[in-house]
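Open the model in your viewer and get your selection tool ready. We will take a short walk through a pair of helices and end at a single side chain.

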Amino acid sequence: MYLVIGVVVAATHGYLVAWNVPSNVLEGVAAIALWPLVALFGVDLHTLIAYESENSRF
């Protein structure tokens with residue numbers, strides 16, 4: 001049930017699009033796993049993951 005809710009939340013918040021881009025796959029999986037943060041607290045994983053990938057370059 002947890003994963004079903006996660007998929008619904010991820011889909012309604014725009015995280016299940018363009019799965020051919022690695023960062024989109026990461027955002028989608030993270031949104032499914034962390035759906036309470038997305039749905040209840042309004043965490044924007046798009047911004048969070050983009051920030052992490054920009055700062056992790058050598």
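For the angles on this tour, each axis is a line fitted to C-alpha atoms over the stretch in contact, and the angle between N-to-C directions runs from 0 to 180 degrees. Please keep in mind that this is a predicted model.

**Stop 1: the helix pair.** Select residues 2-12, helix H1, together with H2; the two pack at an angle of about 130°, and their axes lie 7 Å apart. Because angles of that kind fall outside the parallel, antiparallel and perpendicular ranges, H1 counts as oblique to H2. Turn the view and you can follow H1 as it passes H2 in a right-handed crossing.

**Stop 2: where they touch.** Which residues of H1 meet H2? Show Tyr2, Leu3, Gly6, Val7 and Ala10 on the H1 side, then Ala31, Ile32 and Ala33 on the H2 side. Color this contact by residue class and you should find seven nonpolar residues, one polar and no charged.

**Stop 3: along H2.** Now select residues 22-33 alone: H2 has twelve residues and reaches 17 Å from its first C-alpha to its last, close to the 16 Å expected. Its buried residues are Asn24, Glu27, Gly28, Ala30, Ala31 and Ile32. Two of the buried residues, Ala31 and Ile32, you have already met in the contact with H1.

**Stop 4: valine 4.** Go back to helix H1 and pick valine 4. Is valine 4 buried or exposed? Valine 4 is exposed, because its relative accessible area is 52% and the cut-off for exposed is over 50%. Finally, draw a C-alpha to C-alpha distance from valine 4 to isoleucine 32: they are 28 residues apart in sequence and 8.4 Å apart in space.

Key:
Residues are numbered from 1 along each chain as its sequence is written. This is a predicted model: local features need pLDDT of at least 70, side-chain atom pairs count only at pLDDT 80 or more; totals for chains, interfaces and linings use all residues. Side-chain values use heavy atoms; hydrogens and water are left out. Helices (H or I, at least four residues) and strands (E, at least two) are DSSP runs, numbered from the N terminus. The expected span of a helix is 1.5 Å times one less than its number of residues. Buried means under 20% relative accessible area, exposed over 50%, partly exposed in between (1.4 Å probe, protein chains only). Angles under 35 degrees count as roughly parallel, over 145 as roughly antiparallel, 65 to 115 as roughly perpendicular and the rest as oblique. A crossing is left-handed if the near helix is turned anticlockwise from the far one by less than a right angle, and right-handed if clockwise. Contact means heavy atoms within 4.5 Å. Ala, Val, Leu, Ile, Met, Phe, Trp, Tyr, Cys and Pro count as nonpolar, Asp, Glu, Lys and Arg as charged, and the others, Gly among them, as polar.
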